[in-house]
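Here are some notes for a colleague opening this model for the first time. Please read them with the structure on screen.

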Amino acid sequence: MKISARNVLQGKVISIVTGPVSTELTLEVAPGVRVTSSITSTSAQSLGLTEGDNAYAVIKASSVMVAVD
């Protein structure tokens, strides 16, 4: 796999929560470190992922926002 994104984290699928439109997928990229992504359910089916599979979190964003009250 070749990709231009510099932030690629390999991990193991530890959770898949499938909804009618979107699927929440959680990867453990290091012991105790998890990355969660929301992807379309169609994409999740196309990837054919199941819990325990290895996958990559590819992060390509101009900003990450965090807010609190």
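Is Ala55 buried or exposed?

1. Ala55 is buried: its relative accessibility is 11%, and the cut-off for buried is under 20%. Keep in mind that this is a predicted model.

2. Where does Ala55 sit? Its place is strand β4, which covers residues 54-59. Setting aside neighbours within four places in sequence, Ala55 touches Leu9, Gln10, Gly11, Val13, Leu27 and Leu49. Ten residues along the chain from Ala55 comes Met65. The C-alpha atoms of these two residues are 24 Å apart.

3. Turn next to Thr23. This residue belongs to strand β2, residues 22-30. Thr23 counts as buried because its relative accessible area is 1%, against a cut-off of under 20%.

4. Which side chain makes a polar contact with that of Thr23? The partner is Ser41, at 3.0 Å. Ser41 also appears among the contacts of Thr23 beyond four places in sequence. The others in that list are Ile16, Val17, Thr18, Ser37, Ser38, Ile39, Thr40 and Ala44.

5. Now the surface. Met1, Ile3, Val8, Tyr56 and Val58 make a nonpolar patch of about 480 Å². One of its members, Ile3, lies in the segment before β1, the strand of residues 7-18. Ile3 is partly exposed, with a relative accessible area of 42%. That value clears the limit for patch members, which is over 30%.

6. Step back to the fold. The protein has one helix and four strands. Starting at the N terminus, the order is β-β-β-α-β. Of the contacts with a separation of 6 or more, 43% join residues 24 or more positions apart.

7. What are the overall dimensions? Along the principal axes, the C-alpha atoms fill a box of roughly 35 × 30 × 25 Å. The protein exposes about 5,500 Å². Carbon and sulfur atoms supply 53% of that area. Of the 69 residues, 16% are buried; Ala55 and Thr23 are among them.

8. One annotation is worth noting. An unreviewed UniProt entry places the feature "domain: Mop" at residues 2-68. That span is 10% helix and 52% strand. The C-alpha atoms at its two ends lie 37 Å apart.

Terms used. Residues numbered from 1 in each chain as written. Predicted model: local features only at pLDDT ≥ 70, side-chain atom pairs only at ≥ 80, totals over all residues. Heavy atoms only, no water. Patch = residues over 30% accessible without salt bridge, like charges linked within 9 Å, V, L, I, M, F, W, Y side chains within 5 Å. Areas by Shrake-Rupley, 256 points an atom, 1.4 Å probe, with all protein chains shown as cover. Salt bridge = Lys/Arg side-chain N within 4 Å of Asp/Glu carboxyl O. Buried < 20%, exposed > 50% of the residue type's maximum accessible area, 1.4 Å probe, protein only. Contact = heavy atoms within 4.5 Å. Polar contact = N/O pair within 3.5 Å; in protein donor to acceptor, adjacent residues only side chain to side chain. UniProt positions renumbered as here; feature names shortened; annotations may be inferred.
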